[in-house]
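User: Please take a close look at a single part of this model, beginning with one sheet and the residues placed beside it. I should then like to see how other parts can be described in the same manner.

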Amino acid sequence: MGELFQQCLGYRVDWHKLLLIGAIMTISGVIFQMLTLTYPLNNGFLSQPETVTPYNSLNGTIQLGEVLKVARVEPVQLIPCCPCQIVPLRLQRYIWSLPPNEALLYAKKEIEHVPLVADDPDLYASLFRNVSVFKRSYKMMELMLKVYIYRDGKRPIFHQPHLKGIYASEGWFMKLIEENRQFVTRDPEKAHLFYLPYSARQLEMALYVPESHNLKPLSLYLRDYVNYIAGKYPFWNRTHGSDHFLVACHDWGPYTVNEHKELSRNTIKALCNADLSEGIFAAGKDISLPETTIRTPRKPLRNVGGGNRVSLRPILAFFAGNMHGRVRPILLKYWSDKDEDMKIYGALPLRVSRKMSYIKHMKSSKFCLCPMGYEVNSPRIVEAIYYECVPVIIADNFVLPFSEVLDWSAFSVVVTEKDIPKLKEILMAIPLRRYLTMQINVKMVQKHFLWNPRPISYDLFHMVLHSVWLSRLNQIHTPQP
């Protein structure tokens, strides 16, 4: 024993290794606690106070302890968690194990009891109606949403996205959702939503007889497709199509659903032609899809941004375009060649475009006018946002894109058709400070209207998907206690 003690005294301890082993053991213990504790989501899945407290439901008071019992775990003391905002593994598994409708009900309750988001590095609060609710809803979508895409349907009408031109939004969504691995599931029993992968633009190109003015063959074709999948699979008939959605940017998109009552009334329709006066688009259920002009499909972000600062925008308001619909002729009647501050044209004259291109006009204007054409939608709205020009929207009965979450008054001006004669007066009445704020907001909202070749958080692909997700959540009713 004495010899052993003397050997230990003579042994040189490697303190660096000893400290490293201790640090590894400490970190492992912390990670083990994080992964084994189960607690409800709060503020981006972060904790609140350390003790379990009640929160109010729209249908009464529910205890967090009761929620935990539903999850088949006992209530535990909560500890302030790390800023990494990671959902505990055990809670993730519980949520993923829920049947689709129960999972949606769980998400809806979480969104109803959202805490205030004071400052968020990813979102500009001024752009949103309620940034806290949007943030929570978006995170719940990222955590749990699963979409089933029907493989049925022949090309080019199905599964062949049209990626160029003013109707490209429907094609880009189709392309990105069919390539997606996070949200798409091959198991329809796990799906919260079912996507009908057709293109209204491809439907027109394949079936429409030029100059016939007859859209019925298009709607009959889509009717037969829906009847086919309803007969082949049980999913449509379970909800009469209310958990199915389509994305159509062509002006005729709304009219392709007319021959199928359930498709027209129940299905969630993401439409560029979001016109309330037609009786097809249903506010609160259907989605207003932004119309985006894509000139180079390989580089969808080409020429985006780079707008001039306000001091280098000498034009008060600008518009140039073909004389489509009822509004544009009125606009030209009152403002074409009437005022130096108002650069209002039909098709941009060659003498003008030689000196300054269409895009340069937008980048040199304080306000960009976006009057409706044949239909209420216009790609100029998103173009104005791309070139950091405050959009002025002239289209009665138009539901603005993502208006369920975005506050359009923060970065745009809406003018009724009857007020076109007072257009300059309305724009000049906007105080400089408010205009400067709006122009900054236009720049900040830009990222929500971009088609990225590989989707990134909060971009146009995710915003469209979130709007569909939110519409589906609104269908779910919280059971009475």
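Analyst: The account below begins with one sheet and then turns to salt bridges, a second sheet, a charged residue and a helix.

The model is predicted. In the part chosen here, 5 strands make an open sheet whose order is E9-E8-E10-E11-E12, with parallel pairing. At its edges stand E9 and strand E12 (413-414), each of which pairs on one side only. The partner of E12 is strand E11 (residues 390-394): the two are joined in the parallel sense over 2 bridges. Within this pairing, Ile393 is found opposite Val414 in E12. As general background, strands of a sheet pair through backbone hydrogen bonds, and the pairing may be parallel or antiparallel.

Between E11 and E12 runs a loop, and Ser412 belongs to it. Is Ser412 buried or exposed? Its relative accessibility is 3%. Buried means under 20%, so Ser412 counts as buried. The surroundings of Ser412 can be described through its contacts. Apart from neighbours within four places in sequence, Ser412 is in contact with Val390, Pro391, Ile393 and Met438. Ile393 thus appears twice in this account, as a contact of Ser412 and as the residue opposite Val414. The side chain of Ser412 also reaches the backbone oxygen of Trp408, at 2.7 Å. Tyr435 lies 23 residues from Ser412 along the chain, and the C-alpha atoms of these two residues are separated by 9.5 Å.

The next topic is the loop that leads to the edge strand E9. Asp339 lies in the loop between helix H12 (327-335) and strand E9 (342-344), and its salt-bridge partner, Lys424, is in helix H16 (residues 423-428). The side chains of Lys424 and Asp339 meet at 2.8 Å, N to O. The pair links distant parts of the chain, 85 residues apart. Lys424 forms a salt bridge with Asp341 as well, and here the closest N and O atoms are 3.1 Å apart. Because Asp341 lies in the loop between H12 and E9 while Lys424 lies in H16, this pair ties together parts that are 83 residues apart in sequence. The accessibility values complete the picture: Lys424 is buried, with a relative accessible area of 18%. Asp339, at 23% relative accessibility, counts as partly exposed, and so does Asp341, at 32%.

How many salt bridges does a search of the whole structure find? The search gives 18. One of the pairs is formed by Asp152 and Lys232, whose side chains meet at 2.8 Å, N to O. Asp152 lies in the loop between strand E3 (147-149) and helix H7 (168-179), whereas Lys232 is in helix H9 (residues 216-232), and 80 residues separate the two. Asp152 counts as buried because its relative accessibility is 9%; Lys232, at 47%, counts as partly exposed. Elsewhere, Asp120, Asp122 and Lys135 are linked in a network of salt bridges.

Strand E3 leads to a second sheet. In this open sheet, 5 strands follow the order E3-E4-E5-E6-E7, and the pairing is parallel. E3 and strand E7 (287-288) stand at the edges with a single partner strand each, so one side of each has no neighbour in the sheet. Strand E6 (residues 268-271) runs parallel to E7 and is joined to it by 2 bridges. Here Leu271 stands opposite Ser288 in E7.

Asp243 is placed in the loop between helix H10 (235-239) and strand E5 (244-248). Asp243 is buried yet has no salt bridge. Why is Arg472, the nearest side chain of opposite charge, not counted as a partner? Arg472 is 4.4 Å away, and a salt bridge requires the two atoms to be within 4 Å. Asp243 does make a polar contact, side chain to side chain, with Thr239 at 2.7 Å. Setting aside residues up to four places away in sequence, Asp243 touches His192, Leu193, Phe194, Phe235, Arg472 and Gln475.

The final element is helix H5 (residues 100-112), which has 13 residues and reaches 18 Å from its first C-alpha to its last, close to the expected 18 Å. Its buried residues include Pro100, Ala103, Leu104, Ala107 and Ile111. Among the elements that cover the buried residues of H5 are helix H4 (89-97), helix H6 (131-144) and helix H18 (460-475).

Technical notes: Residues numbered from 1 in each chain as written. Predicted model: local features only at pLDDT ≥ 70, side-chain atom pairs only at ≥ 80, totals over all residues. Heavy atoms only, no water. Helix = DSSP H or I, 4+ residues; strand = E, 2+ residues; numbered from the N terminus. Expected span 1.5 Å × (residues − 1). Buried < 20%, exposed > 50% of the residue type's maximum accessible area, 1.4 Å probe, protein only. Contact = heavy atoms within 4.5 Å. Lys, Arg positive; Asp, Glu negative; His and termini not counted. Polar contact = N/O pair within 3.5 Å; in protein donor to acceptor, adjacent residues only side chain to side chain. Pairing = 2+ DSSP bridges.
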